[in-house]
Amino acid sequence: MDVQRASLAGLPEIKETDGELVVIEGLQIAGRHCAATGKPISFERDARLCPVCGQVYLKDQVPKKCVTCDNELGPKALE
């Protein structure tokens with residue numbers, strides 16, 4: 001975050017008890033549909049994700065650009 005020094009003086013001090021630790025579950029992809037084809041994804045290993053917005057694609061149907069955020073994909077899609 002880019003904050004000017006003058007603005008920092010007005011912020012409260014951080015304490016050890018601030019915040020909350022939350023365990024997140026893995027992303028469930030099986031059962032979702034490919035954004036490019038509409039076909040269901042049966043196995044997690046068959047899916048690829050857009051690294052920017054998380055849109056889901058079948059591994060053999062990844063477009064050059066994400067249909068949601070227009071990010072360049074191809075080999076950048078995450079397994």
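These are my notebook entries on a predicted model of one protein chain.

**Entry 1: the overall layout**

I began with the secondary structure. I counted one helix and two strands in the protein chain. Reading along the sequence, I noted the order as α-β-β. Helix 1 covers 5-8 and strand 1 covers 47-49, while strand 2 covers 56-58.

**Entry 2: extent and surface**

I then looked up how far the chain spreads. Its radius of gyration is 19 Å, whereas a compact globule of 79 residues would have one near 12 Å. Along the principal axes, the C-alpha atoms fill a box of roughly 55 × 25 × 20 Å.

How much of the chain is buried? I found that buried residues account for 18% of the 79 residues. The exposed area of the protein chain is about 6600 Å², and carbon and sulfur atoms supply 52% of that area.

I also checked the contacts between residues at least 6 apart in sequence. Of these, 19% join residues at least 24 apart.

For the charges, I noted 10 positive and 12 negative ones in the protein chain, and the mean positions of the two sets are 10 Å apart.

**Entry 3: the cysteines**

I looked for disulfides next. The count came to zero disulfides, with a pair of cysteine sulfur atoms within 2.5 Å as the rule. Cys34 is in no disulfide, and the nearest cysteine sulfur to it belongs to Cys66, 11 Å away. Cys34 has a relative accessible area of 3%, so I entered it as buried.

Why does Cys66 form no bond with Cys53? The sulfur of Cys53 is the closest cysteine sulfur to that of Cys66, but there is no bond because the distance is 3.6 Å, which is too far. I entered Cys66 as buried too, because its relative accessible area is 3%.

**Entry 4: Asp46**

I found Asp46 in the loop between helix 1 and strand 1. Which residues does Asp46 touch, leaving aside its neighbours within four places in sequence? I listed Tyr57, Leu58 and Lys59. I also took the distance from Asp46 to Ala30, which is 16 residues away in sequence; the C-alpha atoms are 8.7 Å apart.

**Entry 5: Ile24**

Ile24 is also placed in the loop between helix 1 and strand 1. Is Ile24 buried or exposed? Its relative accessible area is 73%, and exposed means over 50%, so I wrote it down as exposed. From Ile24 to Asp60 I noted 36 residues in sequence and 28 Å in space, C-alpha to C-alpha.

**Entry 6: Asp70**

Asp70 sits in the segment after strand 2. I looked up its backbone and found phi near 65°, a positive value in a residue other than glycine. Most residues other than glycine have a negative phi. The relative accessibility of Asp70 is 49%; partly exposed runs from 20% to 50%, so I put Asp70 in that class.

**Entry 7: Leu78**

The segment after strand 2 also holds Leu78. With a relative accessible area of 42%, Leu78 is partly exposed. What does Leu78 touch, not counting residues up to four places away in sequence? I recorded Ala47, Arg48, Leu49 and Pro51. Strand 1 spans 47-49, so I noted that Ala47, Arg48 and Leu49, among the residues Leu78 touches, fall within strand 1 as the DSSP runs are numbered. My last distance was from Leu78 to Gly38: the two are 40 residues apart along the chain, and their C-alpha atoms are separated by 19 Å.

How values were computed: Residues numbered from 1 in each chain as written. Predicted model: local features only at pLDDT ≥ 70, side-chain atom pairs only at ≥ 80, totals over all residues. Heavy atoms only, no water. Helix = DSSP H or I, 4+ residues; strand = E, 2+ residues; numbered from the N terminus. Rg over C-alpha atoms; globule rule 2.2 N^0.38 Å. Buried < 20%, exposed > 50% of the residue type's maximum accessible area, 1.4 Å probe, protein only. Contact = heavy atoms within 4.5 Å. Areas by Shrake-Rupley, 256 points an atom, 1.4 Å probe, with all protein chains shown as cover. Lys, Arg positive; Asp, Glu negative; His and termini not counted. Charge placed at Lys NZ, Arg CZ, Asp CG, Glu CD.
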